[in-house]
Each structure stands twice: as C-alpha cells, then as structure tokens.
Amino acid sequence: MLGVSQVLRFDPLHVASDNLKRKAKGKFCWRLAVEVVHPADLCFKLPDNVSLEEGAMCEPLSVGIHACRRAEIGPEKNVLIMGAGPIGLVTMLAARAFGAPRIIIVDVDEYRLSVAKSLGADDVVKVSTSMQDVDEDVVRIQEVMGAEVDVSFDCAGLSKTMSTALSATRAGGKVCLIGMGHNEMTVPLLQPQQDNNVFLLDREVDIVGIFRYKDTWPLCLEFLRSGKIDVKPLITHRFGSLRRRLRKLLRSALAAVMQSKLCLIFRL
C-alpha cells in the first residue's frame with residue numbers, strides 16, 4: 001500500500017504551500033498508473049487481515065485521525081460532529097477509536113443521520129440550514145448530549161455549522177474546523193449565547209484547524225488490523241475493471257479519430 005501523503009512527514013510543518021505543491025504533484029502524481037516506483041520507506045504493508053479495499057480507506061480515515069490528534073480526543077472528551085458526510089463519518093469512527101465516551105452527530109439529512117447511527121453514533125440531531133435557528137439547534141444538541149460538549153468537529157465548514165459548534169461547545173472546550181465549505185465565514189464571537197449573557201470569546205473556546213493529515217498511515221492500519229475501526233460499511237459501491245473500461249473508451253475514441261481525422265486529447 002502506498003502512503004503518498006507520508007512524503008510530507010519530513011517537514012516540520014506539512015502545511016507549507018511550496019512544499020505541499022512540490023510533494024503533492026510532479027513525480028508523486030501517478031493518476032491512473034497501474035504500477036509505480038515508490039520509495040520503500042514511504043510504503044506500508046497491509047496486515048494480513050486487512051483487504052486492499054480497507055487499505056484504500058486509510059486516505060479519508062487519515063483526515064479523522066489527524067483531526068482527533070489535533071483536538072486531543074480521549075476517554076474524557078464528549079464529541080459533537082457537525083456533518084454526517086464521508087469525512088464526518090470517518091471522524092466519528094476515529095473519535096470512538098481514540099476513546100470518546102459519547103459522540104453526537106448533526107446533519108440536515110435524515111438518511112445521512114441514519115447511516116451515522118448505524119455506524120455507532122450515540123445519538124443524532126437533525127438541524128436547520130437557517131442561521132436564525134442556531135440557538136434552538138444548540139439547545140437540542142446539548143439536551144441530546146446530556147453532558148457538556150468538550151470538542152466539536154465542523155466537517156462542513158459553513159457559517160451555520162461553525163456558529164453552532166462554537167455555541168454548543170463548553171467553556172474552555174475546542175472546535176476543530178475540518179470542512180472547507182466557505183472560504184470566509186461569519187460567526188457570532190461577541191453575540192450573547194442564548195439568554196445567559198455570556199459572550200463566546202469570554203468562554204475561551206479554542207479553534208484549531210487541520211489540513212489533510214500527517215503521519216497517519218501506521219495508526220490507520222493498526223486500527224483496521226485490531227478491529228477498533230471497521231471501514232467496510234463505508235464501502236458502498238464496486239465498479240468493474242477500470243482498465244477494461246478505459247481500453248473500450250480508447251478504442252471507441254481512436255476509431256472516431258481515424259474516421260474524422262481529428263486530433264483528440266484525453267484528460268483522465
């Protein structure tokens with residue numbers, strides 16, 4: 001299994017833009033190549049009980065694991081997750097593996113919430129898309145949690161989700177921003193929280209961000225090997241041989257080129 005992202009591990013800061021562009025592209029970008037030559041120390045052997053499909057899931061799972069490390073998730077941290085999409089779900093699985101005792105996941109879609117519940121969320125809350133409903137949503141989230149929210153993960157990255165996360169998290173807690181839904185967002189840092197006249201800044205909620213991941217592949221594989229994380233339910237569809245489909249496409253395209261005598265450029 002290729003741990004492409006591990007190319008970043010030698011940098012003190014894996015988020016440096018020049019290094020990221022240099023190491024995420026160029027000779028490390030193989031697109032649809034069947035075989036590649038890769039530095040041996042950047043490759044990770046799959047455990048005998050981990051399939052290739054499960055191994056491929058280390059990529060999205062790494063996002064959740066990196067986020068849990070940044071937010072210092074442990075057995076004493078109750079977790080709120082904003083967004084039940086793929087990244088929200090792997091963040092939930094990672095938080096459970098890190099020992100979070102109670103995890104609530106929030107979304108606007110009933111089906112996604114049902115999937116989150118089936119994958120192990122302690123409870124789910126369907127919320128509104130309107131900024132006007134933040135206070136009401138926060139009350140419901142806190143009621144369902146039944147305890148203080150120690151850490152919130154915003155896996156959507158919208159003004160509404162970030163405002164909800166900041167308001168729902170306890171004083172001194174953390175909000176980890178994962179989603180990149182908006183380049184800019186407006187959050188009520190100085191707006192009174194509900195009716196208790198406590199400003200969000202006064203509550204000293206820490207905001208941390210993540211970008212991709214760093215040094216996550218060994219831990220991902222260990223979680224999969226040990227069974228602490230089961231990613232198989234996340235693999236919902238399988239498609240036929242990509243190579244066979246591409247060959248068929250190329251033959252059809254080349255035949256059309258020969259007939260029309262046109263130049264054809266493929267972007268795969």
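**Reading a predicted fold: a tutorial**

Mentor: Welcome! The chain has nine helices and six strands. Keep in mind that this is a predicted model.

Trainee: Thanks! How many residues does the chain have, and what share of them count as buried?

Mentor: The chain has 268 residues, and 42% of them count as buried. On the outside, it exposes about 15,300 Å², with carbon and sulfur atoms supplying 55% of that area. For contacts between residues at least 6 apart in sequence, 68% join residues at least 24 apart.

Trainee: Let's take one helix. What span does helix 6 reach, and what would be expected?

Mentor: Helix 6 covers residues 134–145, 12 residues in total. From first C-alpha to last it reaches 16 Å, close to the 16 Å expected at 1.5 Å a residue. Just after helix 6 comes G146, with a positive phi near 75°.

Trainee: Which residues of helix 6 are buried?

Mentor: Here, buried means under 20% relative accessible area. In helix 6 that applies to V134, D137, V138, I141 and M145. They span an arc of only 100° around the axis, so they sit on the same side of helix 6. On the face turned away from that buried side you find the exposed residues E136 and E143.

Trainee: And what covers the buried residues of helix 6?

Mentor: The cover includes four strands, namely strand 1 (79–82), strand 2 (103–107), strand 3 (123–126) and strand 4 (149–154), together with helix 7 (159–168).

Trainee: Helix 7 has a lysine, K160. Is K160 buried or exposed?

Mentor: K160 is buried, at a relative accessible area of 10%. Setting aside neighbours within four places in sequence, K160 is in contact with V127, S128, T129, S130, M131, V134 and D137. Two of these, V134 and D137, are among the buried residues of helix 6.

Trainee: How should I read aromatic pairs?

Mentor: Two values describe a pair of aromatic rings: the distance of the centres and the angle of the planes. This structure holds two such pairs. In one, the ring centres of F98 and F223 are 5.9 Å apart and the planes meet at 65°, so the pair is edge-to-face. The pair links distant parts of the chain, 125 residues apart: F98 is in the loop between helix 4 (86–97) and strand 2, and F223 is in helix 8 (residues 217–226). F223 counts as buried, at 7% relative accessibility.

Trainee: What is the geometry of the pair formed by Y213 and W217?

Mentor: Y213 and W217 are also edge-to-face, at 6.5 Å centre to centre with 85° between the planes. Both residues are buried.

Trainee: Now the interior. Which residues touch the most other members of the largest nonpolar core?

Mentor: That core has 46 residues, and I73 and F153 touch the most other members. At least two core residues come from each of helix 3 (58–70), strand 1, helix 4, strand 2, helix 5 (110–118), strand 4 and helix 8. Helix 4 gives the most, with seven residues.

Trainee: What does I73 touch, beyond residues up to four places away in sequence?

Mentor: I73 touches C68, V79, A95, F98, A100, V151 and F153. So F98 turns up again, the residue whose ring pairs with that of F223. Apart from the largest core lies another, of 17 residues, among them L80, I104, V149 and A165.

Notes. Residues are numbered from 1 along each chain as its sequence is written. This is a predicted model: local features need pLDDT of at least 70, side-chain atom pairs count only at pLDDT 80 or more; totals for chains, interfaces and linings use all residues. Side-chain values use heavy atoms; hydrogens and water are left out. The expected span of a helix is 1.5 Å times one less than its number of residues. Buried means under 20% relative accessible area, exposed over 50%, partly exposed in between (1.4 Å probe, protein chains only). The arc is that of the directions from the helix axis to the C-beta atoms. Contact means heavy atoms within 4.5 Å. Rings of Phe, Tyr and Trp (its six-membered ring) pair if their centres lie within 6.5 Å; planes under 30 degrees apart count as stacked, over 60 as edge-to-face and the rest as tilted. A nonpolar core is a set of buried Ala, Val, Leu, Ile, Met, Phe, Trp, Tyr and Cys residues joined through side-chain atoms within 4.5 Å. Accessible areas come from the Shrake-Rupley method with a 1.4 Å probe; for residues, only the protein chains shown count as cover.
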